[in-house]
Number of protein chains: 2
Amino acid sequence: MADAFSGTAPQLIDVARRAGVSASTASKALNAKADVNPATRQRVESAARELGYVPNAIARGLTGGRTGTVGVLTSDLEGRFALPILMGVEDALGIDRVLTFLCDARGDEAREKRLVDELVSRRVDGIIVVGKQTDPRPPIGRNLPVPVIYAYCMSDDPADLSISVDNAQAGFVAAQHLVDSGRSKIAHISGEAPHSASQRRTEGVQKLLANRGLELVQPPMYGDWSEGWGRAAAAILVQSGKEFDAILCGSDQIARGVLDSLLERGIAVPSDVAVMGIDNWVVLAENSRPALSTVDLQLQKLGRVAATRLFEASNGSKAAGVEYLPGSIVIRDSTIPRL
Amino acid sequence: MADAFSGTAPQLIDVARRAGVSASTASKALNAKADVNPATRQRVESAARELGYVPNAIARGLTGGRTGTVGVLTSDLEGRFALPILMGVEDALGIDRVLTFLCDARGDEAREKRLVDELVSRRVDGIIVVGKQTDPRPPIGRNLPVPVIYAYCMSDDPADLSISVDNAQAGFVAAQHLVDSGRSKIAHISGEAPHSASQRRTEGVQKLLANRGLELVQPPMYGDWSEGWGRAAAAILVQSGKEFDAILCGSDQIARGVLDSLLERGIAVPSDVAVMGIDNWVVLAENSRPALSTVDLQLQKLGRVAATRLFEASNGSKAAGVEYLPGSIVIRDSTIPRL
DNA sequence: CTGAAAGCGCTTACAG
DNA sequence: CTGAAAGCGCTTACAG
């Protein structure tokens with residue numbers, strides 16, 4: 001392949017001339033439109049290849065069609081949720097050669113507004129808003145000239161479409177796995193009580209237990225989403241003297257703290273007590289001792305679905321409401337010892 | 001503020017008409033060019049505000065000037081290095097209202113080439129390549145029509161400009177901190193031997209020790225950048241019977257494994273042995289027991305510097321070679337107990 | 001200091 | 001099936 005960029009980049013007209021056709025015909029040929037003689041199309045394609053022609057997406061975007069760009073507006077780049085979602089978005093968009101503007105509002109509303117303006121100014125084909133919590137949030141704007149999809153978080157405007165995680169189902173399947181593997185005295189340690197993630201997960205846990213005629217050995221313990229809280233809560237639980245054979249944690253970070261705390265107290269996992277997390281934060285889960293069983297929230301898939309829905313919306317779909325994606329169990333050693 | 005987008009978005013010509021001037025004058029006024037009557041400028045600015053005018057960046061980009069976009073090409077979105085660098089880039093670019101295309105090549109060369117084409121096609125003002133290792137890598141292309149800066153990794157073409165981490169300095173200051181706080185029998189456990197990060201960090205450690213008339217209690221131990229290796233290496237070290245009062249680890253992950261291993265063996269940190277990491281991966285370092293002293297590699301700053309250099313390059317700077325950024329010590333409890 | 005005109009590099013009706 | 005012309009929404013010499 002010849003170097004496309006020594007000197008000035010070749011333009012459509014250069015390709016057209018080389019193929020002996022007009023610019024309009026070259027354009028149609030290159031864009032796989034109908035009504036072009038196959039032989040002509042071939043000549044144009046060859047010419048483009050020979051010249052190393054790369055179309056100017058800016059000029060193309062001006063014509064009014066798609067710009068082939070999408071904005072991802074996040075408030076949680078530092079957290080661990082945005083990244084897998086972003087990768088899923090890229091997976092889905094890459095197929096159509098769409099590129100992603102990544103904008104981090106850093107939790108600043110004014111900054112978010114400015115970034116929305118910047119995105120609109122660049123005529124993105126759509127915006128995906130990635131929140132740091134599953135709780136509802138105000139929409140980024142009304143009557144925006146581009147479709148908007150909320151991912152992970154959800155918009156509190158029922159006219160918007162949001163794709164989120166099914167927290168209740170995550171809690172449900174986590175509890176199911178514990179009960180199915182023979183546990184019946186389950187304690188539940190979770191994160192910040194006001195978060196819908198805490199509440200919904202607990203609901204799911206309790207629903208499964210009720211289905212099986214069981215209940216938690218004591219009320220759920222809420223704190224924050226940290227290892228420190230996991231350690232503290234486990235210590236409190238052990239000292240309470242309550243009997244338990246499993247701890248279902250609201251997150252992997254909490255679970256890791258719980259594991260360390262149990263280890264320190266000489267309580268064997270999983271033989272004495274099974275421990276389960278939620279998130280499948282791999283670097284944490286795999287390096288726990290023992291490795292942590294957990295629920296994968298399928299965030300990358302969430303990103304792919306969000307991108308797909310955005311594409312559908314830009315094609316006129318008027319879907320609204322919240323679409324919940326189920327998580328799936330990942331079994332490691334903290335619930336079932338490896339053979 | 002009126003809703004800018006009910007109906008069709010206002011254009012420059014709408015602003016011009018409302019202000020009673022021509023489009024060219026409106027353009028000059030809005031872009032803070034010279035030679036516009038202050039009163040006229042004011043009228044145009046008011047009109048724009050009243051209409052909620054957001055300029056069409058696509059049209060502006062076509063004119064030939066800047067597009068106000070930059071590409072960040074990474075191969076390591078999953079890793080923990082890309083993210084802080086990305087945030088730094090955004091910090092620096094946001095000031096000039098430049099937006100970032102985030103492209104993850106996923107370590108695939110063909111994909112990387114395609115993404116470079118996509119970026120060029122969108123006429124980005126520059127590209128920042130963020131590598132997953134500090135080792136040299138081949139350039140993403142030759143004679144690209146836009147400036148390119150390498151961040152974290154470096155290009156093996158001496159004509160390119162790369163901004164990287166000063167690994168030798170990081171090792172040096174880590175060792176300095178240990179020696180300054182009274183340690184003299186230092187062991188060194190690091191990551192993959194072939195990585196320049198391992199090699200340079202070790203060199204820095206040895207240089208500081210030599211300056212102080214000391215040497216490592218045994219040859220450096222290399223493995224991989226994981227907690228598992230940290231645990232294994234610490235076990236080997238303890239069982240060797242070698243005396244030591246500090247372990248300098250090549251990364252925070254390794255250090256965390258080391259800490260867990262020492263804890264398990266009843267060796268007190270920091271009273272018996274001080275432990276030090278490198279990276280300042282906060283979620284890991286703060287949740288270690290005790291909290292981990294380490295070296296912050298200043299990745300966010302690295303991102304800011306890369307963006308600044310890109311801006312300079314697009315203004316004609318011909319800077320080349322590698323610019324190394326120093327790390328800085330973060331003292332927590334694993335080397336000095338808190339009072 | 002202001003405005004008419006040309007142009008950025010494409011795509012899209014429209015006519016042939 | 002092909003091409004001349006207009007247009008996308010701006011900016012930039014250039015003339016006044």
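**View 1. Strands β10 and β11 of chain A, side by side.** In this predicted model, strand β10 (residues 246–249) of chain A pairs with β11(A) over 3 bridges, in the parallel sense. To get your bearings, find A:Ile247: the residue opposite in β11(A) is A:Val275. Zoom out a little and the pair turns out to belong to an open sheet of 4 strands in chain A, ordered β9-β8-β10-β11, with parallel pairing. The edges of that sheet are β9 (221–222) and β11 (274–276) of chain A; each has a single partner strand, so one side of each has no neighbour in the sheet. As background, strands in a sheet pair through backbone hydrogen bonds, and the pairing can be parallel or antiparallel.

**View 2. Strand β5 of chain B, covered on both faces.** Which residues of β5 (residues 148–151) of chain B are buried on either side? On one side they are B:Val148 and B:Tyr150, and on the other B:Ile149 and B:Ala151. Now for the partner strands. Strand β3 (residues 127–130) of chain B runs parallel to β5(B) and is joined to it by 4 bridges. Here B:Ile128 has B:Ile149 as its bridge partner. Strand β7 (residues 161–165) of chain B also pairs with β5(B) in the parallel sense, over 3 bridges. In that pairing, look for B:Tyr150 opposite B:Ser162 of β7(B).

**View 3. B:Glu227, a buried acid that reaches across to chain A.** B:Glu227 sits in helix α9 (residues 227–240) of chain B. Is this residue buried or exposed? B:Glu227 is buried: its relative accessible area is 1%, against a cut-off of under 20% for calling a residue buried. Its side chain makes a polar contact with the side chain of A:Arg256, at 2.7 Å. Beyond its neighbours within four places in sequence, B:Glu227 touches residues of chain A, namely A:Arg256, A:Val283 and A:Asn287. From chain B, the list of contacts has B:Gln253, B:Arg256, B:Gly257, B:Asp260 and B:Leu284.

**View 4. The two copies and the axis between them.** A turn of 180° with a shift of 0.0 Å along the axis lays chain A on chain B, with an RMSD of 0.1 Å. The two copies are thus related as by a two-fold rotation axis. Which residue of chain A comes closest to the rotation axis? That is A:Phe101, whose C-alpha is 2.2 Å away. As for the interface, 100% of the interface residues of chain A are interface residues in chain B too, so the copies meet through the same surface.

**View 5. DNA strand D and the protein surface around it.** How many residues surround DNA strand D? There are 23, and the closest are A:Ser24, A:Lys28, A:Thr40, B:Leu12 and B:Ser27. Of the DNA strand D atoms that come within 4 Å of the protein, 68% belong to sugar and phosphate. A phosphate oxygen of the strand lies 3.1 Å from a backbone N or O atom of A:Ser22. On the chain B side, a polar side-chain atom of B:Gln11 is 3.0 Å from a phosphate oxygen of DNA strand D. The bases get a contact as well: an N or O atom in the side chain of A:Lys28 is 2.5 Å from a base oxygen of the strand. Elements giving two or more residues to this surface are α2 (23–30) of chain A, plus α2 (23–30) and α4 (57–62) of chain B. By class, the surface near DNA strand D holds 6 nonpolar, 12 polar and 5 charged residues.

Terms used
Residues numbered from 1 in each chain as written. Chains lettered and ligands numbered in written order. Predicted model: local features only at pLDDT ≥ 70, side-chain atom pairs only at ≥ 80, totals over all residues. Heavy atoms only, no water. Near = heavy atom within 4 Å. Polar contact = N/O pair within 3.5 Å; in protein donor to acceptor, adjacent residues only side chain to side chain. Nonpolar A, V, L, I, M, F, W, Y, C, P; charged D, E, K, R; others polar. Buried < 20%, exposed > 50% of the residue type's maximum accessible area, 1.4 Å probe, protein only. Contact = heavy atoms within 4.5 Å. Least-squares fit on C-alpha atoms with pLDDT ≥ 70 in both. Pairing = 2+ DSSP bridges.
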